[in-house]
Structures are given as C-alpha cells and as structure tokens.
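This report goes through the strand pairing, the packing of helices and one loop residue. The sequence and the structure come first.

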Amino acid sequence: MSGYEHLTRALSACGRDGFTGELRVGGTPGGTFHLGEGRVVAAESPGAPGPEALLLRSGRVSGEQWAELVRESGGARWPATALIARGYTGAAQLRVVCAMALHDAAFAIAAGRVDDCERVPTAQPFAQVPMGEPPLGLMQGSARRLAALGALPHPVHPDRERPVPAPAPTVPDAELTVLRRELLAHADGRRTARDLAFRVGRGVYTVTVEVARMLGDGLLVCVESPTPIPVRPLPDGRALRPRRAAPAQPSPPAPHTALPRRKPGSFFRLWNGIPK
C-alpha cells in the first residue's frame, strides 16, 4: 500500500469514527491533521506555508503586529478574533486564507513520503476552518492536484528539483506576471518549489505548478545538483579565508629536582676566603 493510500485510509477512518484530536503523519515532509468530530479543521506541515506565513508575507500584518496580537490573545496559536477586530483582515478573507492553507498542507503531505499515521485524542482541536472539511473529500482534492501536476509537460516535485533562470529567456520581461518575476528573482539552484513557496508567500501547489510551466516556457532550467553557496567578500574586499591553526604551545618545563650539594671548589674557596 502506498503512502497516499495509507494516509487516505487513516483520515477516512477518523471521519467514520467522528474522531476529535490530531492525526500525526510521519514522513517527509509529514505534518498534522487536526480533526473535530471527524472533520479536518486545520492542517500543518513543514512542506507548505501556513496561514500565518501567508498573512505575514502578504504585508497585511507585520511580525511585530503579529507578536502583539498573540500577547493580547493570551498566547493563542491562532489569534483570529484579534486579527479581525484590529482590521488587519476581514472575516471572509481570513476564512479563504485558512481554507487555502489547509488544502495546501494536505497536498504537501500527500505528495511526500508517508511512513506512519498516529492518532492523538484531544478535548479541543486546534481549528482554523471552523466548519471543517470531510477527510475523504480533502484527499480526493489532493489526488486531483497530484494528477494535474503530473499531466504537465515538465512536472516537478515540490521538494526535489532546484531550478535556475534560463540563460536566454524566451518571454519578454514585460509579459511576465508578478509571480513569475518573483520566482525568477529567487530561483538560484538551491531552492526547491517548496522553498520558493515560503520565500514568496504563496501556496506550495501554486508555486510547484508555476515552476513546471516556466520550465516548459523556457524561463527556468533545472540543474543536476544544488549550486554551491558563494563565498561573500568581507567589507574591505578581502575574501574569507580559513582560520589559521593556533600555534603549538611549548611543553611545560619538567618539575625542578634539587641537585645534591657539592663541596665548593678551590677557586670558590679562594675567592670567598674559605679555608681548605
């Protein structure tokens, strides 16, 4: 049974059982589905930007404002009420952002490697989409996204290919969308589609599809291995140099051993007036 099938069965069983709590998915990137009475009310994964990252990157709220909202909400993980009360976003707009992030996290988890699924019951689930999504419908949506991505002429994986701009682009810069310009600016041979999604503050599915299309349009090319990180010069123009090894310390002197006293010689006795 593939990882996707294993995940689908585990989530569907949570739906049938009316489970409330967390379904923790081990693997790469892995993640956590939060369920309330059998419906998925939030999903988190290191493979996809969450609502917080999307809001911060969009400029609707700054990092300082977010920290203040969390303090006002008593350390709440998701200060939705404060976000709306402060006017940083509308209620409908926030629901859309949270739903997009939920589906994006489900896609990222399903597209990766699934090793195991573990239920952890909780009294009150962490909810970002109060009405929730039926587990089977959520996984069917992920399957459609995976199929659409695989049907493209140059499909890519969210966490595999690391594109760079093509040396001779075939599309004039004036015809590029804002997203394509951002991807060209940040595609450096070290970032995957997942990395680029976090960088530009867009959904990982959206960015992965756009990277695949830009490969087909001759705007991006893929390198076989990650581009090495360049050595940046110091402010005075000197290149960074490896640190020199510390000079070897001399060995400590051997402990002093008192020598046996010798009788004064004839010259010493004569000089100091000591009789023989």
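The model is predicted. Its four-stranded sheet is open, with the strands in the order E3-E2-E1-E4 and antiparallel pairing. Strand E3 (39-44) and E4 form the edges, each pairing on one side only. From one strand to the next, the twist averages 20°.

Helix H1 (residues 3-17) packs on this sheet and touches E1, E2, E3 and E4. The direction of H1 makes about 15° with that of E4.

**Strand pairs**

Two of the pairings can be set out by their bridges.

| Pair | Sense | Bridges |
|---|---|---|
| E1 (residues 21-28) and E2 (residues 31-36) | antiparallel | five |
| E1 and E4 | antiparallel | eight |

Within the pairing of E1 with E2, Arg24 has Thr32 in E2 as its bridge partner. On the pairing with E4, Val25 stands opposite Cys117. In a regular strand, side chains alternate between the two faces of the sheet.

The hairpin of E1 and E2 has two residues between the strands. In this hairpin Gly30 takes a positive phi near 70°.

**Helices H5 and H6**

Helix H5 (residues 91-111) and helix H6 (residues 135-150) have axes that come within 9 Å and cross at roughly 65°. H5 is therefore roughly perpendicular to H6. The crossing of the two helices is right-handed.

From H5, the residues in contact are Leu102, His103, Asp104, Ala106, Phe107, Ala110 and Ala111. They meet Leu138, Met139, Ser142, Arg145, Leu146 and Leu149 of H6. Sorted by class, the contact of H5 with H6 has nine nonpolar, two polar and two charged residues.

**Gln128**

Between strand E4 (113-121) and H6 lies a loop, and Gln128 is located in it. Is Gln128 buried or exposed? Gln128 counts as buried because its relative accessibility is 11%, and buried means under 20%. Leaving aside residues up to four places away in sequence, Gln128 touches Val41, Ala42, Pro51, Trp78 and Cys98. Among these partners, Val41 and Ala42 belong to the stretch 39-44 of strand E3, and Cys98 falls within residues 91-111 of helix H5. The loop residue Gln128 thus has contacts in an edge strand of the sheet and in the helix that crosses H6.

Methods. Residues are numbered from 1 along each chain as its sequence is written. This is a predicted model: local features need pLDDT of at least 70, side-chain atom pairs count only at pLDDT 80 or more; totals for chains, interfaces and linings use all residues. Side-chain values use heavy atoms; hydrogens and water are left out. Axes are lines fitted to C-alpha atoms, for helices over the stretch in contact, and angles run from 0 to 180 degrees between N-to-C directions. Angles under 35 degrees count as roughly parallel, over 145 as roughly antiparallel, 65 to 115 as roughly perpendicular and the rest as oblique. A crossing is left-handed if the near helix is turned anticlockwise from the far one by less than a right angle, and right-handed if clockwise. Contact means heavy atoms within 4.5 Å. Ala, Val, Leu, Ile, Met, Phe, Trp, Tyr, Cys and Pro count as nonpolar, Asp, Glu, Lys and Arg as charged, and the others, Gly among them, as polar. Buried means under 20% relative accessible area, exposed over 50%, partly exposed in between (1.4 Å probe, protein chains only). Two strands pair if DSSP finds at least two bridges between them.
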